Amino acid sequence: MSRNAKKSNHEAYVRMYQQMVRIRAFEDNANKLYLAAKMPGLTHMYSGQEAVAVGICEALKSTDKITSTHRGHGHCVAKGADFKEMFCELLGKEEGYCRGKGGSMHIADQENGNLGANAIVGGSAGIATGAALSAKHLGKDDVTVCFFGDGALGQGLLYEVMNMAALWNLPVIYACENNLYGEYTKVEEMAAGELTGRAKAFGIETFVVNGQDVLAVNKLSEELVERARKGEGPFFIQLDTYRYHGHHVGDINREYYRPKDEEELWKTERDPITNFGAWLLKEKVLSQQELDQIHDEVSQDAKDAVAYAEAAKYPDISEVDMHVYKQNPVGGAA
Amino acid sequence: MREITLSKAVNEAIAEEMRRDPAIFLMGEDVAEAGTPFKVLSGLVEEFGPNRILDTPISEPGFMGMAVGAAMTGSRPIVDLMFGDFIFLVMDQLCNQAAKTHYMSGGKLSVPLVLRTNLGATRRSAAQHSQSLHALVAHIPGLRVAMPSSAYEAKGLMKTAIRDENPVVIFEDKLMYNDKAPVPDEEYLIPFGEANILREGRDITLIGTSSMVQVCEQAAEILAEQGIEAEVIDPRTIVPLDEDTLINSVKKTSRAIVVDEGHQSFGITGEIASRLNEKAFYHLDAPVQRLGAMDVPVPFSPALEDITVPTPERVVEQALKAIKGELFHGA
């Protein structure tokens with residue numbers, strides 16, 4: 001799947017559908033692995049938010065950068081990662097993207113421009129803005145997208161770097177995924193005022209988009225990425241969306257902060273995959289048979305990748321103190 | 001050989017490296033026209049322009065984080081942190097992000113950045129502008145920590161820091177910016193992890209960092225007048241630490257005092273003393289002693305501040321006790 005090929009609308013539609021299905025399949029399998037106690041640690045599901053990552057990443061080249069969050073599997077898949085290396089990483093295996101050293105919350109995929117998930121809420125805002133500064137400094141036209149949730153709006157770092165991005169017209173897009181809850185607390189209880197008002201205060205152009213509508217997300221992203229590439233950034237997008245699972249996979253009994261009928265409403269009426277699939281059928285982009293085929297293929301891919309990862313070997317224990325420091329080139333620094 | 005100030009040495013190191021590598025840029029508060037409050041960077045913006053000598057808002061976590069992202073994507077940033085005390089403000093970006101990125105990514109990403117800042121009390125700047133906080137960062141795997149003790153050291157270590165592929169924190173003593181030392185015109189680098197023996201001796205080893213090297217040298221002079229030969233060693237970098245040179249010296253002298261301006265408890269002096277105890281125990285004739293700053297916030301009043309930091313006289317006093325066998329448990 002060449003992400004840089006000039007795309008027709010048809011190709012782009014099919015790819016976006018596939019990518020959303022891939023994210024859902026990845027998360028369903030990750031959830032199963034966790035519940036079967038085959039996956040160590042903890043993980044945060046992206047299911048429900050697929051249109052955000054896919055709509056945005058479809059607008060990016062592989063040389064463009066993203067920074068991701070603890071809820072980062074979706075960003076990673078959307079930016080071009082493979083299932084095998086991702087599942088290996090989730091299980092702490094040597095063939096994982098980070099040789100098993102990062103795990104679910106730290107997957108990085110440099111070759112596709114993913115500078116890494118970050119387990120500190122809001123922690124990657126500086127990295128994303130710095131990547132944009134770097135592109136400007138090195139004379140590259142790369143654009144960086146900083147993914148973060150509504151919970152990160154409580155972090156001061158974000159405001160410091162948005163200020164500098166605005167002062168210096170940096171090619172960065174702040175993508176605020178408003179999934180309505182920061183961990184176990186409603187956004188209204190944590191963020192005063194308008195969410196976009198924060199960026200507006202710095203003179204940053206802001207946008208609000210339905211994060212369940214992949215076409216709307218993609219259309220806006222294509223425009224903003226091109227404008228950022230021309231030096232018209234930064235931008236701030238509020239993407240209204242919903243996470244289907246709890247804060248993390250162990251967050252099962254959550255009615256005290258989120259009613260079941262609300263979850264049901266989003267799942268049945270606002271599902272980004274179901275709704276986009278129906279649109280593809282209606283517009284005769286794909287037939288039901290073709291849609292089914294996508295699901296079947298993705299499902300098989302995920303199954304194969306899980307089996308591969310389960311059988312894959314753990315890193316040798318000699319790797320434990322490898323990569324603490326990068327080796328300096330011979331004849332260079334000490 | 002010409003003599004230049006420590007301030008000038010740092011300036012030269014950065015300018016030479018920036019001429020060599022266009023990927024390098026420097027960012028921080030009042031680094032351009034102002035050249036920092038200590039005027040260390042004066043003249044750089046005139047040569048390299050405002051895009052490479054970048055004045056930032058007063059947002060330490062923000063520009064520290066941006067340096068991490070820039071370093072991950074092909075640039076080689078130097079971050080100027082106006083006072084070492086502000087390191088508390090950048091801890092997440094330095095310790096959770098910069099230090100761990102290479103490891104967490106299984107070696108795929110790297111963060112070649114330099115954080116230059118300062119340490120040192122007795123400037124009457126009180127508790128939030130006088131701390132020596134290098135032990136905090138030395139504790140975090142993934143960071144390198146350099147502590148120049150003269151203009152010569154500052155230039156050579158800075159150049160090495162800039163070329164290193166890892167995040168390096170370099171602490172300059174702000175009271176030494178105007179101290180001159182011989183510095184060659186020709187280019188040189190000082191490798192990390194190679195301690196410098198400034199003075200050889202057979203009776204006791206004095207290990208000092210940063211300006212405490214001068215304190216040790218002065219103590220050695222006083223001891224020499226009494227017929228005691230002290231060996232003075234500057235580790236130059238505490239991460240990596242040249243353990244071998246320190247251990248070999250103590251095996252020869254059988255006594256050691258470690259002098260550092262960080263708080264004495266849980267600090268550099270304890271770490272080095274512990275390693276000497278572990279690896280040279282059977283060669284010791286006295287317990288290895290620690291001399292750090294007092295465990296108090298740095299006071300403003302000169303009458304109080306001056307007694308919080310190690311002095312040559314205190315080093316001499318402790319050295320004599322060690323040599324005379326007067327170090328008793330509970331003493």
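**Sheet architecture in chains A and B**

In chain B of this predicted model, an open sheet is built from seven strands arranged in the order β3-β2-β4-β5-β7-β6-β12, with mixed pairing. The edge positions are taken by β3 (53-55) and β12 (237-239) of chain B, each of which has a single partner strand, so that one side of each is left without a neighbour in the sheet. From one strand to the next, the twist averages 20°.

Within the chain B sheet, strand β4 (residues 76-80) and strand β5 (residues 114-119) of chain B are joined in the parallel sense over three bridges, and Asp80(B) is found opposite Arg116(B) in β5(B). Helix α3 (residues 60-72) of chain B packs on this sheet, where it touches β2 (24-28) and β4 of chain B, and its direction makes about 165° with that of β4(B).

Chain A contains an open sheet of five strands, ordered β1-β2-β3-β7-β6, in which the pairing is parallel. Its edges are occupied by β1 (65-67) and β6 (205-210) of chain A, and because each has a single partner strand, one side of each is left without a neighbour in the sheet. Neighbouring strands of the chain A sheet are turned against each other by 20° on average, direction ignored.

The edge strand β1(A) pairs with strand β2 (residues 144-149) of chain A in the parallel sense over three bridges, with Val145(A) in β2(A) serving as the bridge partner of Ile66(A). Helix α5 (residues 125-137) of chain A lies across β1, β2 and β3 (172-178) of chain A, and runs at about 170° to β2(A).

Definitions and conventions
Residues numbered from 1 in each chain as written. Chains lettered and ligands numbered in written order. Predicted model: local features only at pLDDT ≥ 70, side-chain atom pairs only at ≥ 80, totals over all residues. Pairing = 2+ DSSP bridges. Helix = DSSP H or I, 4+ residues; strand = E, 2+ residues; numbered from the N terminus. Axes fitted to C-alpha atoms, helices over the stretch in contact; angles between N-to-C directions. Contact = placed C-beta atoms within 7 Å.
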